[in-house]
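Reader: I am new to this structure. Could you take me through it?

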Amino acid sequence: MSVLLKVERLDKFFGGVKALVGVDIDVKTDEILGVIGPNGAGKTTLFNVVTGFEPPTRGSVFFDGHEITQRPVYRVCQLGIARTFQNIRLFGQMSVIDNVMVGMHSELKTSLLGIILHLRSHMSKEKGAYLKAMKILDFLGLHEVVTELSSNLPYGMQRKVEIARALSSDPKLLLLDEPSAGMNPQEALELMALIGEIRKLGPAVVVIEHNMQVVMGISDRIVVLNFGEKICEGTPEQVQNTPCVIEAYLGKEEESDASGN
């Protein structure tokens with residue numbers, strides 16, 4: 001598999017806080033990469049820098065053969081990177097299907113005149129976007145709630161709507177930030193199967209996840225961050241048996257004192 005995304009020596013500092021320090025990551029085409037680490041490890045900051053929400057302090061980001069370091073968010077999206085967010089960012093007073101169609105804004109270029117006069121060219125694009133959104137929602141099992149306000153949906157369903165919106169831009173790379181957050185165990189299992197099906201559609205997937213059952217079950221490789229640094233990379237089996245990873249999550253065992261207490 002060829003490399004789709006390459007992050008080289010990436011630093012991101014917020015004043016004296018070093019959120020990312022010298023991070024190197026490759027994402028291959030047609031793979032699912034998990035990114036794990038304790039709270040504050042720099043995982044979401046990594047997504048923010050890759051997608052243009054935050055400029056790096058140092059380092060470079062390459063995607064599909066192009067350097068995208070510090071490119072604006074809309075250009076990164078146009079090149080083929082889509083993402084969800086740790087905190088859900090849906091338009092609560094818009095329907096589910098309208099939220100998904102928002103993700104196709106770059107495909108719905110038309111003139112103000114076309115919108116006002118309902119010209120055939122504009123209506124044709126709107127119909128195409130609607131049918132595409134319906135297909136994605138059906139794929140995600142959301143066909144029964146397409147007209148519901150997104151704010152009225154359970155938290156787990158709102159997560160799926162965010163994924164649907166991200167998929168609507170036909171990404172080559174899909175970045176999922178804590179997709180199982182707020183889901184019950186059964187929903188998390190369904191999410192695992194869903195991410196596997198998404199990979200079959202074409203995009204590579206990078207998943208930030210705290211649910212170890214999910215990330216270990218779906219990832220081809222896993223990268224571990226701690227205090228902004230990459231401390232481990234490998235298969236799920238290799239990572240979960242690495243001492244520095246266990247230490248990062250559980251902390252060092254306190255050594256007993258001389259009295260044996």
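Author: The following exchange covers a helix, the nonpolar cores and an aromatic pair. This is a predicted model, in which local features need pLDDT of at least 70, side-chain atom pairs count only at pLDDT 80 or more, and totals for chains, interfaces and linings use all residues. Residues are numbered from 1 along each chain as its sequence is written, and side-chain values use heavy atoms, with hydrogens and water left out.

Reader: Is helix H1 enclosed, and why? What is the count of buried residues?

Author: In helix H1 (residues 43-50), 7 of the 8 residues are buried, so it is largely enclosed by the rest of the structure. Helices are DSSP runs of H or I, at least four residues, and strands are runs of E, at least two, numbered from the N terminus. Buried means under 20% relative accessible area, exposed over 50%, and partly exposed in between (1.4 Å probe, protein chains only).

Reader: Which residues have the most contacts inside the largest nonpolar core?

Author: They are Leu 137 and Ile 195, in a core of 35 residues. Such a core is a set of buried Ala, Val, Leu, Ile, Met, Phe, Trp, Tyr and Cys residues joined through side-chain atoms within 4.5 Å. Helix H7 gives the most to this core, with 6 residues.

Reader: Which aromatic residues form a pair?

Author: Phe 53 and Phe 85 pair edge-to-face, 5.5 Å centre to centre with 85° between the planes. Rings of Phe, Tyr and Trp (its six-membered ring) pair if their centres lie within 6.5 Å; planes under 30 degrees apart count as stacked, over 60 as edge-to-face and the rest as tilted.

Reader: Is Phe 85 buried or exposed?

Author: Phe 85 counts as buried, at 12% relative accessibility, while Phe 53 is partly exposed at 37%.
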